Amino acid sequence: MDLQILTFAFVGITFAVYISIAFWAKASSTKEFYVAGGVVHPVANGMATAADWMSAASFISMAGLIAFLGYGGSVFLMGWTGGYVLLAMLLAPYLRKHGSYTVPEFINDRYYSKAARVVAVICLIIASVTYVIGQMKGIGVAFSRFLEVSYEIGLIVGIGIVLIYAVLGGMKGITYTQIAQYVIMIIAYTIPAIFISLQLTGNPIPQLGLGSTLADGSGTYLLDKLDQIVVGLGFAEYTTTPRLSMTNTFVYTLSLMIGTAGLPHVIMRFFTVKNVQSARQSAGWALLFIAILYTTAPAVAAMARLNLMQTVHNTEIKQLPEWVENWKTTGLLEYEDKNGDGRIQYTGNKKTNEMTKVDRDIMVLANPEIAQLPNWVIALVVAGGLAAALSTAAGLLLAIASSISHDLLKGVWRPHINEKEELMWSRLSMVGAIALAGYFGFNPPGFAAGTVALAFGLAASSIFPALMMGIFSRKMNKEGAIAGMIAGIGITLLYVFQHKGIMFIPETSFLGDMSPNWFLGIEPNAFGAIGAVVNFVVAYIVASNTAAVSTDVDAMVTNMRKP
Amino acid sequence: MFSDDYWGANLKLITICLAIWFVVSYLFGILLVEQLNTISIGGYKLGFWFAQQGSIYVFLALIFYYASAMNKIDEKYKD
């Protein structure tokens with residue numbers, strides 16, 4: 001059947017499912033709107049967390065990134081999964097025990113300070129808004145590329161869907177749509193991977209296929225073959241080449257792990273389960289559902305790279321498969337017959353290489369075509385990519401909306417509004433957050449590309465340390481926490497801006513984006529962990545020189561530490 | 001005090017789990033990757049396997065182990 005009709009059918013069916021869920025899971029109280037009533041099953045929450053966490057970037061870009069970085073891409077695999085260990089042991093159970101609706105509310109209670117709450121809200125909004133812009137762009141691009149509608153119309157349809165289920169259902173509606181989105185996303189990701197693993201190695205499990213011999217009867221291991229080919233053509237060896245220095249790899253991985261554990265839209269998912277035991281269990285389920293995709297991604301990466309090299313290199317231009325031309329028209333892939341021999345030479349030498357552009361996003365999107373899979377698989381991948389973008393966008397929007405209605409409005413400006421008024425305000429905040437995200441979707445700011453790294457940097461250097469000290473240190477006080485957060489964010493922003501430019505405007509970078517100027521060779525995106533260390537140190541120094549916490553706060557910490 | 005013992009048991013468990021967390025990712029996947037790559041399991045170099053597969057499996061096992069071990073500790077210190 002025609003690809004476009006199939007794609008419309010798949011996307012249409014999945015959207016109908018999301019809307020049906022929205023009407024079924026309407027929120028009738030603030031507790032339902034903020035934390036889905038606190039009755040979500042640990043497995044269901046795990047699945048929703050996985051969908052919440054895995055964005056368009058995880059779904060579309062990560063495997064492509066690994067395909068071109070090889071071992072160097074491991075930073076993202078370890079960094080974006082290891083954070084769940086920290087979350088499960090250092091944050092989630094205790095925050096659930098305390099029982100607040102939002103992350104800034106916990107900061108407010110623990111540090112008995114509205115100022116601390118406002119600082120937390122600002123960090124949360126910066127981190128979440130920068131993150132949501134990427135999702136909006138992903139939605140628009142997916143529509144424009146596969147459904148042949150314009151970017152703007154695609155964006156409006158996407159925003160409309162989120163608007164319906166997020167405004168009606170709040171966390172409750174979002175949770176149940178995220179479960180549906182996870183199922184769609186994981187099927188869409190694994191089916192092409194299984195087919196390709198079968199084709200290349202005869203093993204249907206991609207995780208095992210990656211370590212197997214090739215099915216061509218040569219007895220050569222897939223990874224050895226890949227290493228041979230890439231090295232032979234002048235590229236860096238796939239399985240051993242690190243990205244930048246070992247110190248940088250170490251610090252970057254740590255920053256991503258701490259950042260993951262500190263992202264508010266992930267943390268607040270653990271407020272929706274019944275109790276402490278469920279929160280711990282649920283973190284395990286979340287990582288299980290994430291790991292299904294994250295352990296498949298390296299297989300997709302290596303196999304797609306191998307397929308790409310073997311299909312393209314030394315092939316006559318007239319004989320190139322159809323997908324090469326299809327992707328060439330999108331501008332994501334370009335070639336140029338520099339030596340005029342009518343064949344493509346794909347090499348690591350910039351001068352002679354004739355594949356002049358291969359966008360990394362192609363690796364997942366074109367994978368089904370490269371492996372000559374049927375059209376319905378491609379349609380499924382599009383629906384999966386949209387599910388990934390929508391589920392993450394919804395989670396982020398809820399984090400923003402609840403921090404406005406619950407933290408700023410109810411918590412600081414107008415504490416006397418009643419439950420019904422707050423519910424109305426939470427819905428209005430959601431509409432506002434969606435409008436803001438939509439605005440940035442239509443007018444993507446110039447600094448958008450660099451900002452997701454900033455979201456991790458902020459979460460790592462401000463939110464994670466403040467939460468952790470609030471649980472593990474009885475002595476940490478208001479002064480220490482605020483000074484720590486400001487110092488952590490301050491040094492991280494300063495480092496990023498001095499290399500990348502103020503608000504990412506390159507002309508304003510006073511040190512230039514040059515690796516010799518990096519502190520210990522650490523790239524700006526990896527600086528969150530250093531910011532976190534500064535946060536801890538400053539907080540301890542300030543706290544030990546200022547007034548001790550009251551007995552009420554001490555009792556609160558004691559309560560969190562009980563089962 | 002009762003709750004102090006409970007908290008102490010929790011901290012001990014966290015320390016053990018995070019030590020393993022550190023070893024499989026930072027040590028095996030990053031710092032010792034070259035040495036481990038001289039060993040192969042199937043078609044995988046061992047260091048590469050830890051960095052792209054093994055560490056994630058261990059993270060998963062750690063969280064489920066922590067959750068079940070804490071359930072037992074919860075039971076033991078229940079008043």
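## A buried phenylalanine

F76(A) has a relative accessibility of 7%, so this residue counts as buried; the cut-off for that label is under 20%. Keep in mind that this is a predicted model.

## Its partner in the same helix

Where does F76(A) sit, and where is W80(A)? Both are in helix α5 of chain A, which covers residues 74-98, and they are four residues apart, or about one turn of the helix. W80(A) is buried, just as F76(A) is.

The two rings make an aromatic pair of the tilted kind, with 5.2 Å from centre to centre and 40 degrees between the planes.

## A link to a distant helix

F76(A) also pairs with Y252(A). Here the ring centres are 5.8 Å apart and the planes meet at 75 degrees, so this pair is edge-to-face; planes over 60 degrees apart get that name. This contact joins distant parts of the chain, since F76(A) belongs to helix α5 and Y252(A) to helix α11 (residues 246-262), 176 residues apart.

Is Y252(A) buried or exposed? Its relative accessible area is 7%, so Y252(A) is buried.

## The wider aromatic picture

Zoom out a bit, and F76(A), W80(A) and Y252(A) turn up in one aromatic cluster together with W53(A), Y84(A), Y131(A) and F456(A). Over all chains, the structure holds 28 aromatic pairs.

## Charges over rings

Two other rings have a charged neighbour. R305(A) places its charged end over the ring of F235(A), 5.2 Å from the ring centre. Over the ring of Y335(A) you'll find the charged end of K328(A), 4.8 Å from the centre.

Methods:
Residues numbered from 1 in each chain as written. Chains lettered and ligands numbered in written order. Predicted model: local features only at pLDDT ≥ 70, side-chain atom pairs only at ≥ 80, totals over all residues. Heavy atoms only, no water. Phe/Tyr/Trp six-rings, centres within 6.5 Å; stacked < 30°, edge-to-face > 60°. Helix = DSSP H or I, 4+ residues; strand = E, 2+ residues; numbered from the N terminus. Buried < 20%, exposed > 50% of the residue type's maximum accessible area, 1.4 Å probe, protein only. Lys NZ or Arg CZ within 6 Å of the ring centre and 35° of its normal.
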